[in-house]
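Notebook open, structure loaded. I want to go through the ligand first, then the helices, then a few single residues.

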Amino acid sequence: MDYKNIFFEVKNNIGLVTINRPEKLNALNDETLDDLKKCFSSIKEDYAVNVVIITGAGEKAFVAGADISEIHKLNVIAAKHFSEKGQSVFNLIEKLGKPVIAAINGYALGGGCELALACHIRVASETAKFGQPEVNLGIIPGYGGTQRLTRLVNSGRASELILTGDIIDANEAMRIGLVNKVYPSTELIAEAIKLAEKISSKAQIAVSMSLRSIVSCDELSETEGQNLESGMFALCCGTEDFKEGTSAFLEKRKPNFTNQ
Ligand code: COA
């Protein structure tokens, strides 16, 4: 498939999406959002991809935000569509049904931080920087950030970041739970691939059902969530991988999953 501002490759069932506008610090313009929508829609249907990693091209930025030259031209109606479009692309990523790992290699500001938040696991380089600096532009986060950041790091920390526009480094991001792990820049992608390969070696139907259950946590009550969990648990018990996984344990051997 042809993309204007992203690269996409698949190796060993791991999809690597690289946002590629390094001269603009990978800022998300309309074309790039279209590319992401196309790419993640096709990954969703692609049985060759078990796990996805998303990162930014160049050494400086993951994504330095939505493209401010496009934001600058918005009127009220266009702004509502602009925000809803970004939200829908990031919702597609969050609800992909496959794990998405953000490998944050530099600035993750505004829409870049929101993109990382829509991913399921975040790992960062020591040089990564995080922030929601929208108040400096007279706007608020519009791609889900007020919701996802608040749920991930709690409302006090989210309020501080969003209301001050402060930028924090990778270690502070790890301290507040915004990222899971921090690595030297040169090791980031290799570590993200290692993590992706570990997940990819497990029973993929179970991985997908786990993820659906985890993601639904934000939208369902405890009772509804547990109901969904027991349904997913039961479905897993109808798979070949369930028979293989439990038999392999009892026979003291490694399982050979077929994702059936
Ligand atoms: N939208 C559009 N263009 C952006 C951008 C964004 N969010 N972030 C960076 N760029 C562009 C710059 O305009 C510049 O383009 P130019 O060379 O054509 O002038 C290029 O990327 C390099 O950025 P520059 O500002 O020169 O790099 P820097 O190292 O001095 O500063 C930042 C890096 C990230 C601190 C700075 O670019 C910045 O503050 N970006 C905006 C962050 C932001 O507010 N994001 C939220 C948007 S809602």
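**Ligand shell.** I sorted the residues of the shell around the ligand by type and got 10 nonpolar, 1 polar and 5 charged. Note to self: this is a predicted model. The shell holds 16 residues, and those that come nearest to the ligand are Lys 24, Lys 60, Ala 64, Ala 66 and Ile 68. I also looked up which elements feed the shell: helix H2 (68–71) and strand S6 (107–109) each supply at least two residues.

**Ligand nitrogens.** Next I went after polar partners of the ligand on the backbone. A polar backbone atom of Ala 64 sits 3.0 Å from a ligand nitrogen. For Ala 66 I read 3.0 Å as well, again from a polar backbone atom to a nitrogen of the ligand. At Ile 68 the distance between a polar backbone atom and a ligand nitrogen is 2.9 Å. Then I checked how much of the ligand is covered: on its own it has 860 Å² of accessible area, and the protein covers 59% of that.

**Asp 67.** I stopped at Asp 67, which has its place in the loop between S4 and H2. Buried or exposed, I wondered about Asp 67? Asp 67 comes out buried, at a relative accessible area of 8%. What does its side chain touch? I found a polar contact of 2.5 Å between the side chains of Asp 67 and Ser 69.

**Ala 61.** Strand S4 covers residues 61–63, and Ala 61 lies in it. Its relative accessible area is 2%, so I logged Ala 61 as buried, the cut-off for that being under 20%. I also took a C-alpha to C-alpha distance from Ala 61 to Ile 189: 14 Å in space, with their positions 128 residues apart in sequence.

**Helix H1.** I ran a length check on H1 (residues 30–44). With 15 residues at 1.5 Å a residue, H1 should span 21 Å, and its end C-alpha atoms are indeed 21 Å apart. Which residues of H1 are buried? My list reads Thr 32, Leu 33, Asp 35, Leu 36, Cys 39, Phe 40 and Ile 43. Looking down the axis of H1, I see these buried residues within an arc of 155°, so they line one face of the helix.

**Helix H10.** I did the length check on H10 (residues 222–236) too. It has 15 residues, which at 1.5 Å each should span 21 Å, and the end C-alpha atoms of H10 are 21 Å apart, in agreement. Gly 225, Met 232 and Cys 236 are buried in H10. They cover an arc of only 45° around the axis, which puts them on the same side of H10. Exposed on the other side of H10 I noted Thr 223 and Asn 227.

**Helix H4.** How many residues of H4 (residues 111–118) are buried? I counted 8 of the 8, so H4 is largely enclosed by the rest of the structure. Among those buried residues are Glu 114, Gly 111, Gly 112 and Cys 113.

**Positive phi.** I then looked for positive phi outside glycine. Asn 154 has one, about 90°. Asn 154 has its place in the loop between helix H5 (145–153) and helix H6 (155–164). I have Asn 154 down as partly exposed, with 38% relative accessibility. Asn 259 is not a glycine either, and its phi is positive, near 60°. I found Asn 259 in the segment after helix H11 (240–250), and at a relative accessible area of 31% Asn 259 is partly exposed.

**Two exposed residues.** Ile 77 belongs to helix H3 (residues 76–94). Its relative accessible area is 60%, so Ile 77 went into my exposed column; exposed starts over 50%. From Ile 77 to Tyr 3 I got 28 Å, C-alpha to C-alpha, and they are 74 residues apart in sequence. Last entry: Thr 186, in the loop between strand S10 (181–183) and helix H8 (188–200). Thr 186 is exposed, with a relative accessible area of 75%. Thr 186 and Asn 105 are 81 residues apart in sequence, and their C-alpha atoms are 9.6 Å apart in space.

Terms used
Residues numbered from 1 in each chain as written. Predicted model: local features only at pLDDT ≥ 70, side-chain atom pairs only at ≥ 80, totals over all residues. Heavy atoms only, no water. Near = heavy atom within 4 Å. Polar contact = N/O pair within 3.5 Å; in protein donor to acceptor, adjacent residues only side chain to side chain. Areas by Shrake-Rupley, 256 points an atom, 1.4 Å probe, with all protein chains shown as cover. Helix = DSSP H or I, 4+ residues; strand = E, 2+ residues; numbered from the N terminus. Nonpolar A, V, L, I, M, F, W, Y, C, P; charged D, E, K, R; others polar. Expected span 1.5 Å × (residues − 1). Buried < 20%, exposed > 50% of the residue type's maximum accessible area, 1.4 Å probe, protein only. Arc of directions from axis to C-beta.
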